[in-house]
Amino acid sequence: MNNYLFLALAILAEAVATTALKMSEQFTRLLPSAVTVVGYAAAFYFLSLSLRTIPVGVAYAVWSAVGIVLITVVGAVIFRQVPDLPAVIGLALIIAGVAVINLFSKMSAH
């Protein structure tokens, strides 16, 4: 179960880094730029730890899907980038795909 904690930390670090990337204004602001670099480094470090037992395809699918949803929420709340109906449908399909992988695939680590 620790490996799913590492995956969750990777997702959180990636979301923080991506948010800081937007705030860095093309790397012209020092603090958000530094947070971006450190956040992405932490994200890949924690992702690498999660890959000890979670298959890479499953880990990347979960990381991508949860990251996309989290960044969409952050974008809506902080940057007022509210998704429209097609975007919400697309997000639901991404989540459904990851759910299918985790619930029905034999490659998933349980």
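**Helix H4 and the overall fold**

Q: Which residues of H4 are exposed on the other side of the helix?
A: In this predicted model, a residue counts as exposed when its relative accessible area is over 50%. On the side of H4 opposite its buried residues, the exposed positions are Leu85, Pro86, Leu93, Leu103 and Phe104.

Q: Which residues of H4 are buried?
A: Burial requires a relative accessible area under 20%. In H4, the residues that count as buried are Leu91, Val98 and Asn102.

Q: Why do the buried residues of H4 lie on the same side of the helix?
A: The buried residues are Leu91, Val98 and Asn102. An α-helix has 3.6 residues a turn, so residues three or four places apart point the same way. The buried residues of H4 are on the same side because the arc they cover around the axis is only 40 degrees.

Q: Against which helices do the buried residues of H4 pack?
A: Leu91, Val98 and Asn102 form the buried set of H4. Their packing partners are H1 and helix H3 (56-78).

Q: What distance does helix H4 reach from its first C-alpha to its last?
A: Helix H4 spans residues 85-104 and has 20 residues. At 1.5 Å a residue, 28 Å is expected. The helix comes close to that expectation, reaching 28 Å.

Q: Does Ala99 count as buried, partly exposed or exposed, and what is the C-alpha separation of Ala99 and Ala61?
A: Ala99 belongs to helix H4. Because its relative accessibility is 32%, Ala99 counts as partly exposed. Ala61 is 38 residues apart from Ala99 along the chain, and their C-alpha atoms are separated by 9.6 Å.

Q: Which elements give two or more residues to the nonpolar patch?
A: The nonpolar surface patch consists of Leu12, Val16, Leu31 and Val35, with about 350 Å² of accessible area together. The elements that give two or more residues to this patch are helix H1 (2-23) and helix H2 (30-50).

Q: What is the relative accessible area of Val16?
A: Val16 is placed in helix H1 and is one of the residues of the nonpolar patch. Val16 is partly exposed, and its relative accessible area is 42%.

Q: What pattern does the protein follow along the sequence?
A: The protein has 4 helices and 0 strands. Read along the sequence, its pattern is α-α-α-α.

Q: What share of the exposed area do carbon and sulfur atoms supply?
A: Of the 110 residues of the protein, 33% count as buried. The protein exposes about 6,900 Å², and the share supplied by carbon and sulfur atoms is 76%.

Key:
Residues are numbered from 1 along each chain as its sequence is written. This is a predicted model: local features need pLDDT of at least 70, side-chain atom pairs count only at pLDDT 80 or more; totals for chains, interfaces and linings use all residues. Side-chain values use heavy atoms; hydrogens and water are left out. Patches are made of residues with over 30% relative accessible area and no salt bridge: like charges are joined within 9 Å, nonpolar side chains (Val, Leu, Ile, Met, Phe, Trp, Tyr) within 5 Å. Accessible areas come from the Shrake-Rupley method with a 1.4 Å probe; for residues, only the protein chains shown count as cover. A salt bridge is a side-chain nitrogen of Lys or Arg within 4 Å of a carboxyl oxygen of Asp or Glu. Buried means under 20% relative accessible area, exposed over 50%, partly exposed in between (1.4 Å probe, protein chains only). The expected span of a helix is 1.5 Å times one less than its number of residues. The arc is that of the directions from the helix axis to the C-beta atoms. Contact means heavy atoms within 4.5 Å.
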